[in-house]
Amino acid sequence: MPLNKKEAELIRLLVQHQDWLSAIFLAEALSTSTRTIRNYVTRINQHTKTELINSSRQGYKLKKDVRIEDILSQNNTELNTPKERMNYLMNLLIQYREVDYFEVAETLFVSIPTIEKDTLRLRKKISKYQLKVIKNGHFLSMKGAEENFRKLTSDMLQDEAMHNFQSLDHIQTIFPTIDIDVLQTIVVDRLSSRNLYVNGYAINSLLLHIAIAIDRLVHHQRSDIENISEIFSEEQLEHQIALEIGKDIHQAFSIEMDLYEINNLTLLLMTKISSANEDFLKSYMDTGIYSFIATTMNTVAEKYFIPHTSDDLVLNLTLHVSNLISRAKRGKQVRNPLSEEIKQSYAFIYEVAVFIAKQIQKQMSISISDDEITFIALHIGSYFEEKFETENKLSCIIYTPEYYDMHKRLVYKISDTFKPSMNILAAFYRLDGHSIDEMKKVDLVLTTIELKEIPHAIQISPFLSRKDSEIVQQALNRAKQQKLINNLRESIQTYLTPERFERNIYLNSESSYIDYLAAKLVASKHIEPAFIELIKEREKMSATSFNNSVALPHAIEMSANKTGISIILNDRPIQWGSHYVQVIIMIVMNQGDMKKFRQLFDFMIDTFSNQEKLRRLLKVGSYEEFIEELFFE
């Protein structure tokens, strides 16, 4: 955490005196108020590795054995670009809702006019979320509805996480002496030999865990914890795979994985391979750490307005934190050369990791380094990377019979080639009732043999030739378009009900049509009466008619109580702005459906701009006929 000048001077005073100093004395020495001194102390204690300053009725005193060099050496963070400063300011406001921008300027070593310009940039950025930055004296606060804070932080997480957060290159950079490609080959081969496949997030998370373990063993940081091998039977699949991986690692890296590491690896594999293991894992980790991490992540979700995190992340973090605590209690650390890069490039995710580390420190009475905080950030970032990627990708299953190593190479070649477009949920090497049921659930199945029982199966060769890649890409495009159409159909049938579908309504102005359509949405409690003026304001800015076919009156603000559509089809054209239209569609959007607005808007314009499609739609007489014709190809 960067200290501002007065916070640094406060620490110097406490170091020099090595005794209790009253708030009044410190306020006079620093030419500020006692309230500001309290704020300085709170901020320093919240953001340093351990609480540095004790407080009592006597005032404030630095804890023993604190070296001022260690504290001030952390004060080298420079935020040089407007974007970095704006994000820093936004993070502060999300956390505290109110900040002193004089203190922010001091902290960042910039002028007050610079902070004021950064504030203007921030206001512009958050305006689309219906959030405002309010200035009161030299204090700034962020105001708005909680759901809009949640939307903002969700988008911040997505922006940061979707930059290949936990790539193999990152892991290789952290551990330059460990060949991550070799490690990946070991893990993939051992899983494939048991007909198992795990997706990219699971593999990268697993490799990160194993690389940390190898690094620890290389530096002779073996655990002194008693082995726990009795919890696993010889028949336990994950334990068998862990032993095999351990032997391969010994051979490749000349490092012996002891029982503690093998059992840890077994637990990790259990989090990746089967959800049926979750109850066992929770029971095994019921030492207080699992429930503590689960509670902490709930607190994180509330404090930072982020989506609720999954059991998968809690399980992974619990295993990581268990090892972190063991290292900290023995005075051992794992170095992460990416700490500074991640701290700067992924400021919001890093801030969440700092908060989690702070809770661990308080609960476990340990010190956590910046490098360890960065590993926590990697777990959080990679989880959200996969979460957001999965939301935007097509789901896929690969089916290919085993033949030497060809099936393994095919699976990972497909995974590498089409990573941006598909999320591979499983790879099956045998055909049975379970695999067929799973294939029916996904968007696309890639198979090396004909599967007549799966209509969305695409047959390819076992070698994935250039022609195969083109076939797969075409299938992806078709599946993506079909998925979009299915989603649009579901959305329109949800938002447009029969009573808001009408034929041949002729009024004398655009304003009258807006009043007419909006009244139905007010009656159904989709919007408040005041929302109608927002639609009219948008119409005054520029007419919402397109291509002599359709008008789409709407508001810029997406503050409807719930998303809804009203529609009129007219046999005779009516004038709307500079165009003549026969279709009038009003769309009011709730903030939570914001991502769907562009899809709906574009779909309506494209559909009603097609003259042949428009001609057929204008012939329909009922709501049901309209829906069928709208999506008829």
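# Salt bridges and an enclosed strand

Me: Let's start with Glu612: what relative accessible area does it have?

Reply: Glu612 is partly exposed, a class that sits between buried (under 20% relative accessible area) and exposed (over 50%), using a 1.4 Å probe and protein chains only. Keep in mind this is a predicted model, where local features need pLDDT of at least 70, side-chain atom pairs count only at pLDDT 80 or more, and totals for chains, interfaces and linings use all residues. Residues are numbered from 1 along each chain as its sequence is written, and side-chain values use heavy atoms, leaving out hydrogens and water. For Glu612, the figure is 37%.

Me: Which residue forms a salt bridge with Glu612, with the closest N and O atoms 3.6 Å apart?

Reply: A salt bridge here is a side-chain nitrogen of Lys or Arg within 4 Å of a carboxyl oxygen of Asp or Glu. The partner is four residues away from Glu612 in helix α26 (residues 611–617), so the two are about one helical turn apart. It's partly exposed too, at 27% relative accessibility. The partner is Arg616.

Me: What other residues join Glu612 and Arg616 in a network of salt bridges?

Reply: The network isn't just that pair. Besides Glu612 and Arg616, it links Lys613, Arg615 and Glu629.

Me: How many residues apart are Asp118 and Arg85?

Reply: These two form a salt bridge, with their closest N and O atoms 2.7 Å apart. The pair links distant parts of the chain, with Asp118 in helix α7 (residues 112–126) and Arg85 in helix α5 (residues 82–96). Asp118 is buried at 0% relative accessibility, and Arg85 is buried at 9%. Their separation is 33 residues.

Me: Which strand does Glu502 lie in?

Reply: Glu502 and Lys520 meet in a salt bridge through their side chains (3.5 Å, N to O). Lys520 lies in helix α23 (residues 510–523), so the pair ties together parts that are 18 residues apart in sequence. Glu502 is buried at 16%, whereas Lys520 is partly exposed at 25%. Helices (H or I, at least four residues) and strands (E, at least two) are DSSP runs numbered from the N terminus, and the strand with Glu502 is β10 (residues 501–503).

Me: Which residue in β7 does Tyr399 stand opposite?

Reply: Strands count as paired if DSSP finds at least two bridges between them, and β6 (residues 394–399) pairs with β7 in the parallel sense over six. Six of the seven residues of β7 (residues 422–428) are buried, so that strand is largely enclosed by the rest of the structure. Opposite Tyr399 stands Phe428.
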